[in-house]
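Me: I would like to go through a protein model step by step, with careful reasons for each answer. Please show me the sequence and the structure before we start.

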Amino acid sequence: MPCIDRSDLGLLLLRLGTGGVLAAHGAQKLFGWFGGGGLEGTGAAMEAMGYAPGKASAAAAGLSEAGGGALLALGLATPAAGAAAAGAMAGAAAVHMPNGFFAQGGGYEYAASLGLTAAGLAVTGPGRLSLDHLLGHTVNRGWMVPVALGVTAAATAVVVGARNKRVRTAAEGEQETLFDELDE
């Protein structure tokens, strides 16, 4: 058996850190853990952000984050896990995009960082300190990477596109105040 090298340790740290954060983030949506809104609260928030139906959107995002994050942490089905998590983060980034890049101002920095790391792990693979390696890479084949990322990108484009259309349509119905009313 070959020695474990520093790249295996580095991938383990990336998987545990990114996967753990994503799993916790998804658990907020699904179960209301860690101060999250659960499906009901998150569903209402998703609906307000333009993702409809809200509860189904919350479940899809929560499963992608919690499931993808847990699988990334374990190093199991890494292409699908990374792609699912990256897709969920692309959906989050779309909401934060109008606020600019930096998270301090409500921007998409955090979602982009998690999504790019998850996608990078999907492409790179989990390393030898993983369940994928232990199981002989049966759910981590080279052909799975472009398939998982391609399917996720297409689904994400449809979902985010529909959300953006809803947001634009809602904004068109609102009219800005043209004149200030003066109280006399």
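Me: How many salt bridges does the structure hold?
Reply: This is a predicted model, in which local features need pLDDT of at least 70 and side-chain atom pairs count only at pLDDT 80 or more, while totals for chains, interfaces and linings use all residues. Residues are numbered from 1 along each chain as its sequence is written, and side-chain values use heavy atoms, with hydrogens and water left out. A salt bridge here is a side-chain nitrogen of Lys or Arg within 4 Å of a carboxyl oxygen of Asp or Glu. By that rule, the number of salt bridges in the structure is four.

Me: Which parts does the pair of Asp-8 and Arg-128 tie together, and how many residues apart in sequence are they?
Reply: The side chains of Asp-8 and Arg-128 meet in a salt bridge, with 2.8 Å from N to O. Helices are DSSP runs of H or I with at least four residues, numbered from the N terminus. Asp-8 lies in helix H1 (6-31), and Arg-128 lies in the loop between H5 and helix H6 (131-134), so the pair ties together parts whose separation in sequence is 120 residues.

Me: Is Asp-8 buried or exposed?
Reply: The term depends on relative accessible area, where buried means under 20%, exposed over 50% and partly exposed in between, using a 1.4 Å probe and protein chains only. Asp-8 has 4% relative accessibility, and therefore it counts as buried.

Me: In which helices do Lys-29 and Glu-65 lie?
Reply: Lys-29 forms a salt bridge with Glu-65, and the closest N and O atoms are 3.0 Å apart. Both partners of this bridge, Lys-29 and Glu-65, are buried. The pair ties together parts that are 36 residues apart in sequence, because Lys-29 lies in helix H1 and Glu-65 in helix H3 (residues 54-74).

Me: Is Glu-40, which meets Lys-55 in a salt bridge, buried or exposed?
Reply: The side chains of Glu-40 and Lys-55 come to 2.6 Å, N to O. Lys-55 has a relative accessible area of 45%, so it is partly exposed. Glu-40, at 56% relative accessibility, counts as exposed.

Me: Which helix gives the most to the largest nonpolar core?
Reply: A nonpolar core is a set of buried Ala, Val, Leu, Ile, Met, Phe, Trp, Tyr and Cys residues joined through side-chain atoms within 4.5 Å. The largest one has 13 residues, and Leu-22, Leu-72, Ala-85, Met-89 and Ala-118 have the most contacts inside it. Helix H1, helix H4 (78-96) and helix H5 (109-124) each supply at least two residues of this core. With six residues, the helix that gives the most is H4.

Me: Which residues lie nearest the centre of the largest pocket?
Reply: On a 1 Å grid over the protein atoms alone, a pocket is an open set of points where a 1.4 Å probe fits, with protein on both sides within 12 Å along at least five of seven lines, and lining residues have an atom within 4 Å of a point. About 720 Å³ of space lies in the largest pocket, where volume is the space filled by probe spheres set on grid points joined across faces, edges and corners. Its lining has 36 residues, and those nearest the centre are Met-46, Ala-61, Ala-88, Gly-91 and Ala-92.

Me: Which helix supplies the largest share of the lining of the second largest pocket?
Reply: The second largest pocket holds about 190 Å³ of space and is lined by 15 residues. H4, H5 and H7 each supply at least two residues of that lining. The largest share, six residues, comes from H4.
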